[in-house]
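Grab a pencil and work through a few exercises on the structure below. Try each task before you read its solution.

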Amino acid sequence: MSKRRKSRETAPKTKLRDIFVARPFEGLADEPEWVALRELVPAASAPLTLKPEVVEEFGDRPVTLSTVLPMAWPAMTRADGRVFIGLQRHVQSGDVSRDLAVAILSALQTKPGDTVAVPALPGEGPRLQDLLVDGPLDITMHDGFEYWLDADQIQDSNVRASLERANASIYPTIRLAAAKAAYWCRVAPEKSHIRWVLPEAEDQALDALARLSAAGELLLGENTKFAGMFRAHGVLVPVWDVPGEPDGTDFEAPLADFAKRYADTLAVNEPLDAAARRAKQGLIGRQLTLR
């Protein structure tokens, strides 16, 4: 073997550096909704608007954000040219925003109807914040995943069977109007949850919740229970257990009342008193981190 060939074969491969970003959606106008669609909502979609320079380079194709895609694909293109990006996927790097940006760019470079190849570790490059015209998400809640498909695909018996299985996994979910990024979902006939993605930084939100807990003002009314919190993408998601009946719309008023108490408490700048410090430790012990 020549020295040149040996050198080529033994040369170390360049490793892509994976950087963890704790709050990947920070800076987006609807950061809490991005977190909710990523972690909480089974079936929803929202159109995305690309920046003019991205459209100029890759063409003007409709891009739709989806909670999940078939087989948890990161992206797909339909025969009509539409691009779909999946938030809930199996493989990701340490920066969700970068992952989604690469999925968008990969799909825009894929012919309509073809399979989209998306690298598992994208390396450095543009993030969502660099590609999108920022603004509130126009979210549509879905009872099923039919919105994935072209009209002719739904006629295929195998596709219909697969769609029925996917639809069966959806639990009833309602987007609440009393607070932004708040969702009710029924997880069992006699049990439901209300989950609210808070927009504030973790420490600030945790202090406010601790004050409310110490004051006995953490519940949403009778027969409700504060179940704990998720830590998700740099923000907190408090969770309440509520009865399975009635449905989520009946909790709009209790959640609105709590949202006002929470907002008022956020304005308090004094150090936590002893009761609130104890309550804070209790809340920390009931946290679960989602990544």
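**Warm-up: two domains**

The centres of domain 1 and domain 2, taken over C-alpha atoms, are 30 Å apart. This is a predicted model, where local features need pLDDT of at least 70 and side-chain atom pairs count only at pLDDT 80 or more, while totals for chains, interfaces and linings use all residues. Residues are numbered from 1 along each chain as its sequence is written, and side-chain values use heavy atoms, with hydrogens and water left out.

**Exercise 1. Describe how domain 1 and domain 2 meet.**

Step 1: find the bounds. Domain 1 covers 30–168 and domain 2 covers 173–289; such bounds come from an automatic or database domain assignment.

Step 2: look at the contacts (heavy atoms within 4.5 Å). Here 16 residues of domain 1 touch 13 residues of domain 2.

Step 3: look at the buried area, meaning the accessible area (1.4 Å probe) that two parts lose on being put together, summed over both. It comes to about 1300 Å² between domain 1 and domain 2, and carbon and sulfur atoms give 67% of that.

Step 4: look for salt bridges (a side-chain nitrogen of Lys or Arg within 4 Å of a carboxyl oxygen of Asp or Glu). Two of them are counted between domain 1 and domain 2.

**Exercise 2. Work out what the salt bridge of Lys180 and Asp30 ties together.**

Step 1: start with the general idea. Side chains of opposite charge can pair when their charged atoms come close.

Step 2: check the distance. In the salt bridge between Lys180 and Asp30, the closest N and O atoms are 3.2 Å apart.

Step 3: place both partners. Lys180 sits in the loop between β6 (173–175) and β7 (182–188), and Asp30 in the loop between α1 (3–10) and α2 (31–39), so the pair ties together parts that are 150 residues apart in sequence. Helices (H or I, at least four residues) and strands (E, at least two) are DSSP runs, numbered from the N terminus.

Step 4: ask how accessible each one is. Buried means under 20% relative accessible area, exposed over 50%, and partly exposed in between (1.4 Å probe, protein chains only). Asp30 has 2%, so it is buried, and Lys180 has 47%, so it counts as partly exposed.

**Exercise 3. Sort residues of helix α6 by side.**

Step 1: size up the helix. Helix α6 (residues 157–168) has 12 residues and reaches 17 Å from its first C-alpha to its last, close to the 16 Å expected at 1.5 Å a residue. That expected span is 1.5 Å times one less than the number of residues.

Step 2: pick out the buried ones. In α6 these are Leu163, Ala166 and Asn167. They cover an arc of only 95° around the axis, which puts them on the same side of α6; the arc is that of the directions from the helix axis to the C-beta atoms.

Step 3: turn to the other side of α6, where Asn158, Glu164, Arg165 and Ala168 are exposed.

**Exercise 4. Is Ala276 buried or exposed, and what does Ala276 touch?**

Step 1: locate the residue. Ala276 belongs to helix α9 (residues 274–284).

Step 2: use the accessibility. Ala276 has 3% relative accessibility, so it counts as buried.

Step 3: list the contacts. Leaving aside neighbours within four places in sequence, Ala276 is in contact with Ala210, Arg211 and Ala214.
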